[in-house]
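Please look over the model shown here. A short report on its packing and backbone geometry accompanies it.

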Amino acid sequence: MTLDPHAASHDRALIVDFGSQVTQLIARRLRETGVYCEVQPYNRVNAAFLTEYAPKAVILSGGPSSVTTDASPRAAAEIYDLGVPVLAICYGQQTMALQLGGEVEPSDQREFGRADVEIHETSPLFEGVWKVGDHYPVWMSHGDRVTRLAPGFSVIGTSPNAPFAIAVDEERRFYSVMFHPEVVHTPDGAKLLRNFTHKIAGFTGDWTMAAFREEAIAQIRKQVGDASVICGLSGGVDSSVAAVLIHEAIGEQLTCVFVDTGLMRGNLDGAGEGEDVVRLFRDSYNIPLIHVAAEDLFLGKLAGVEDPEEKRKIIGATFIDVFEAEANKIENAAFLAQGTLYPDVIESVSFDGGPSVTIKSHHNVGGLPERMNLKLVEPLRELFKDEVRALGRELGLPEHFVARHPFPGPGLAIRIPGGVSKEKADILRKADAVYLDEIRKAGLYDEIWQAFAVLLPVRSVGVMGDGRTYDYVLALRAVTSTDGMTADYYPFPHDFLGRCATRIINEVRGVNRVVYDVTSKPPGTIEWE
């Protein structure tokens with residue numbers, strides 16, 4: 001293990017992952033309170049790791065296994081000898097109980113979903129949040145349960161099907177809960193986690209974007225030296241923040257390459273997001289920028305192609321060819337900058353400790369580092385998406401750039417099911433701009449995870465004035481989500497949807513019918529292709 005350079009100057013919490021789908025949420029809750037933390041698979045945490053990482057507190061996550069089976073995961077025994085506070089959640093509670101001398105058994109009375117816990121005794125974990133004698137809603141997800149506590153533990157909270165819902169050893173500062181405090185379905189969960197880190201473990205909350213900025217700049221300078229760095233700008237938040245941060249560190253040693261595919265979003269004034277990118281980076285930040293106008297090339301390659309996966313492959317391969325051709329013109333280039341985020345780092349290592357099949361393709365850049373013999377600079381690899389936005393604000397990026405909704409790598413091509421053409425892209429660009437304009441006017445943009453329009457491969461009959469039309473159908477999509485893994489449609493009022501439809505049909509030639517997509521994820525996906 002090599003300790004992350006940014007972690008060295010901060011108190012650190014360690015989250016031991018037993019495979020829970022919501023482990024990342026624990027890290028996000030801690031980061032929100034200024035606590036630096038890392039997620040590590042349980043089988044990577046051993047005595048040597050703990051000595052080097054030196055956590056100030058440890059959290060054991062939930063997980064899908066049954067602790068009653070011989071092959072189920074266990075926490076490193078050395079964790080319990082560190083002398084630091086330990087919080088064990090769900091499966092973490094069960095393995096802690098078993099490892100310290102308690103018993104766990106399968107239960108006929110399982111708890112999945114909402115439950116109520118009753119508080120029986122005071123604890124620093126509850127300070128200012130929960131009171132003795134009261135009941136509080138939490139979110140449970142367990143089939144096994146603790147049936148005998150380990151020596152030194154006492155019960156301070158129960159639920160109908162979990163008699164040891166909250167069990168603690170205050171002397172050793174070991175705390176265990178059967179519920180999940182990290183999820184939003186436990187309303188007070190974030191406050192309980194803060195009590196654990198700040199009141200019990202003594203964290204000061206010094207993990208700030210201002211501190212990260214200074215440390216990241218020093219690290220980039222140390223890593224890069226006097227070499228040149230190439231950054232592929234997509235116009236999205238991640239690559240934009242990475243570029244501005246790196247430029248602040250090394251100035252003219254950075255060159256950004258922006259491949260304008262002609263498949264980006266547009267504005268009401270008719271300008272595309274590509275022009276925004278050029279204006280911001282070349283004019284406002286004075287960052288060396290190569291702008292490749294490649295609309296004709298990309299649309300030509302996509303002509304007649306309808307399969308969504310084939311469209312993605314064509315766009316990815318064409319991007320690599322164009323990017324490589326431009327990047328090869330840059331002298332002394334030794335590094336490629338990527339906007340890799342912490343969730344991608346976590347997901348790139350599977351639960352069993354081996355490498356995952358692939359890192360997300362939009363961060364892997366199609367193997368460009370190996371193909372061009374470049375080393376990677378990934379200054380955002382410790383950050384979650386909300387932290388990247390906070391860093392963008394710290395760096396002075398415009399709010400409309402920082403708060404921009406996610407946009408897929410293939411761009412509008414996958415929001416045009418079927419064949420792609422310039423005519424369709426222009427129609428969709430204008431309609432999408434009108435839709436987002438209405439969302440902003442209604443003050444809803446920041447409530448929505450992602451909103452966009454989809455131009456369907458369907459024409460319908462309409463009447464405009466006294467004439468018959470036969471134009472495209474446009475679908476509107478808007479979802480709420482925390483991480484994009486699951487999502488629900490946004491419940492717009494009907495009058496809002498009516499206003500959008502009226503404006504789009506009046507202002508966008510080629511559309512005569514508008515529909516709204518009310519599919520959640522799952523079973524659908526957020527994007528249509």
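The report below covers the cores, some helices, selected residues and unusual backbone spots.

This is a predicted model, in which local features need pLDDT of at least 70 and side-chain atom pairs count only at pLDDT 80 or more, while totals for chains, interfaces and linings use all residues. Residues are numbered from 1 along each chain as its sequence is written, and side-chain values use heavy atoms, with hydrogens and water left out.

## Cores

A nonpolar core here is a set of buried Ala, Val, Leu, Ile, Met, Phe, Trp, Tyr and Cys residues joined through side-chain atoms within 4.5 Å. Buried means under 20% relative accessible area, exposed means over 50%, and partly exposed lies in between (1.4 Å probe, protein chains only).

The largest nonpolar core holds 72 residues. Leu-60, Ile-79, Met-96, Leu-245, Phe-281, Leu-380 and Leu-391 touch the most other members. Helix H6 (residues 237-250) gives the most to this core: nine residues. Helices (H or I, at least four residues) and strands (E, at least two) are DSSP runs, numbered from the N terminus. A second, separate core has 52 residues, among them Ala-413, Tyr-435, Leu-474 and Phe-492.

Contact means heavy atoms within 4.5 Å. Neighbours within four places in sequence aside, Ile-79 is in contact with Val-16, Val-45, Leu-50, Val-58, Leu-60 and Val-86.

## Helices H5 and H7

The expected span of a helix is 1.5 Å times one less than its number of residues. Both helices in the table agree with that expectation.

| Helix | Residues | Expected span | Distance between end C-alpha atoms |
|---|---|---|---|
| H5 | 209-224 (16 residues) | 22 Å | 22 Å |
| H7 | 273-284 (12 residues) | 16 Å | 15 Å |

Which residues of H5 are buried? They are Met-209, Ala-211, Phe-212, Arg-213, Glu-215, Ala-216, Ile-217, Ile-220 and Val-224. Their cover includes strand E10 (228-233), H6, strand E13 (333-337), strand E14 (375-377) and helix H13 (385-394). Gly-225 follows H5, with a positive phi near 65°.

In H7 the buried residues are Glu-273, Gly-274, Asp-276, Val-277, Val-278, Leu-280 and Phe-281. Phe-281 is also among the residues that touch the most other members of the largest nonpolar core. E10 and H6 help cover the buried residues of H7, and the cover also includes strand E11 (254-260), strand E12 (289-293) and helix H14 (399-402).

## The H8–H9 pair

Two packed helices are described by the angle between their axes and the distance between the axes. Helix H8 (residues 295-302) packs on helix H9 (residues 308-327) at about 145°, with axes 10 Å apart. Axes are lines fitted to C-alpha atoms, for helices over the stretch in contact, and angles run from 0 to 180 degrees between N-to-C directions.

H8 contributes Leu-297, Phe-298, Lys-301 and Leu-302 to the contact. From H9 come Lys-311, Ile-314, Ile-315, Thr-318, Phe-319 and Val-322. These residues divide into seven nonpolar, one polar and two charged. Ala, Val, Leu, Ile, Met, Phe, Trp, Tyr, Cys and Pro count as nonpolar, Asp, Glu, Lys and Arg as charged, and the others, Gly among them, as polar.

## Two buried residues

Lys-311 lies in H9. Is Lys-311 buried or exposed? Lys-311 counts as buried because its relative accessibility is 0%. Not counting residues up to four places away in sequence, Lys-311 touches Leu-302, Val-305, Glu-306, Ala-413, Ile-416, Pro-417, Gly-418, Val-420 and Glu-529. Ala-413 is one of the residues of the second core.

Ile-166 lies in strand E8 (residues 162-169). Its relative accessibility is 0%, so Ile-166 counts as buried. Beyond four places in sequence, the contacts of Ile-166 include Gln-93, Ile-119, Phe-126, Trp-130 and Phe-179. The C-alpha atoms of Ile-166 and Ala-431 are separated by 53 Å, and the two residues are 265 residues apart along the chain.

## Backbone exceptions

Most residues other than glycine have a negative phi, and most peptide bonds are trans.

Asn-286, not a glycine, has a positive phi of about 55°. Asn-286 sits in the loop between H7 and E12. Asn-286 counts as exposed because its relative accessibility is 53%. Asn-332 is not a glycine either, and its phi is positive at about 65°. The loop between H9 and E13 holds Asn-332. At 49% relative accessibility, Asn-332 counts as partly exposed.

A cis peptide bond joins Lys-521 and Pro-522, with omega about -15°. The bond from Pro-522 to Pro-523 is also cis, with omega near 15°. Pro-522 lies in the segment after strand E18 (511-516), and Pro-523 lies in the segment after E18 as well.
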